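Student: I would like to go through this model by asking for one value or name at a time. Please give the reasoning before each result.

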Amino acid sequence: RAEGVAPALVLWALSRELYLLARLRSATLQGASEDRALSRHHVWSQRQPLVKRALQRYQLCQLTALLAQAAEVDHVIKGVSRGRPWDGLTQLVMAIVASDHLQSGRVA
């Protein structure tokens, strides 16, 4: 925000990563190995360790809920819903962190 980045760009980056994780989690639930899923979704080899760690932190239901929250923020950004875009983005990031802590059993 302080760097002048548009909220829509920040939301796009977050949503893209959440969507990737959701697709990967879905693939593994359908029996694909993590490595096979990463390959099928064209995750660069340099990013794979990071994505694997992130994938282990979230269940599909958590990722689905986070994507729904991202869609709500998108509506705010587009003026369809009332609210402040940066507040919505902050809440989304906090939900991402909270979901990670709930899954791993850590206390925030």
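The questions below run from the overall fold to single residues and salt bridges.

Student: What pattern does the protein follow along the sequence?
Tutor: This is a predicted model. The protein has five helices and zero strands. Read along the sequence, the pattern is therefore α-α-α-α-α.

Student: How many of the residues, as a percentage, count as buried?
Tutor: The C-alpha atoms fill a box of roughly 40 × 30 × 25 Å along the principal axes. The protein exposes about 7200 Å², with carbon and sulfur atoms supplying 56% of that area. Buried is taken as under 20% relative accessible area. Of the 108 residues, the share that counts as buried is 31%.

Student: What share of the contacts with a separation of 6 or more comes from residues 24 or more positions apart?
Tutor: Contact here means heavy atoms within 4.5 Å. Among contacts with a separation of 6 or more, residues 24 or more positions apart account for 67%.

Student: What is the distance between the end C-alpha atoms of helix H1, and what span should its 23 residues have?
Tutor: Helix H1 covers residues 7-29. At 1.5 Å a residue, its 23 residues should span 33 Å. The end C-alpha atoms agree with that, being apart by 33 Å.

Student: Why does Thr28 count as buried?
Tutor: Thr28 lies in helix H1, and is listed there as buried, along with residues including Leu24 and Arg25. The cut-off for buried is under 20% relative accessible area. Thr28 counts as buried because its relative accessibility is 18%.

Student: Which backbone oxygen does the side chain of Thr28 reach?
Tutor: Beyond four places in sequence, Thr28 touches Ser33, Glu34, Ala37 and Leu55. Its side chain also makes a polar contact at 2.8 Å, and the backbone oxygen there belongs to Arg25.

Student: Which residue has its backbone nitrogen 3.0 Å from a polar side-chain atom of Ser33?
Tutor: Ser33 lies in the loop between H1 and helix H2 (34-40). At 41% relative accessibility, Ser33 counts as partly exposed. The backbone nitrogen at 3.0 Å from its side chain is that of Arg36.

Student: What accessible area do Val5, Leu9 and Trp12 have together?
Tutor: Val5 sits in the segment before H1 and counts as partly exposed at 31% relative accessibility. With Leu9 and Trp12, Val5 forms a nonpolar patch on the surface. Their accessible area together is about 290 Å².

Student: How many residues apart in sequence are the parts that Arg47 and Glu17 tie together?
Tutor: Arg47 forms a salt bridge with Glu17, with the closest N and O atoms 2.6 Å apart. Arg47 lies in the loop between H2 and helix H3 (48-57) and Glu17 in helix H1, so the parts tied together are apart in sequence by 30 residues.

Student: Which residue is linked with Glu17 and Arg47 in a network of salt bridges?
Tutor: Arg47 is partly exposed at 27% relative accessible area, and Glu17 is partly exposed at 24%. The network of salt bridges links both of them with Arg16.

Student: Which helices hold Lys52 and Asp35?
Tutor: Lys52 forms a salt bridge with Asp35, the closest N and O atoms being 2.6 Å apart. The pair ties together parts that are 17 residues apart in sequence, since Lys52 and Asp35 lie, respectively, in helices H3 and H2.

Student: Is Arg84 buried or exposed?
Tutor: Arg84 and Asp87 meet in a salt bridge at 3.0 Å, N to O. Asp87 counts as partly exposed at 32% relative accessibility. For Arg84 the value is 57%, so Arg84 counts as exposed.

Methods
Residues numbered from 1 in each chain as written. Predicted model: local features only at pLDDT ≥ 70, side-chain atom pairs only at ≥ 80, totals over all residues. Heavy atoms only, no water. Helix = DSSP H or I, 4+ residues; strand = E, 2+ residues; numbered from the N terminus. Expected span 1.5 Å × (residues − 1). Buried < 20%, exposed > 50% of the residue type's maximum accessible area, 1.4 Å probe, protein only. Polar contact = N/O pair within 3.5 Å; in protein donor to acceptor, adjacent residues only side chain to side chain. Patch = residues over 30% accessible without salt bridge, like charges linked within 9 Å, V, L, I, M, F, W, Y side chains within 5 Å. Areas by Shrake-Rupley, 256 points an atom, 1.4 Å probe, with all protein chains shown as cover. Salt bridge = Lys/Arg side-chain N within 4 Å of Asp/Glu carboxyl O.
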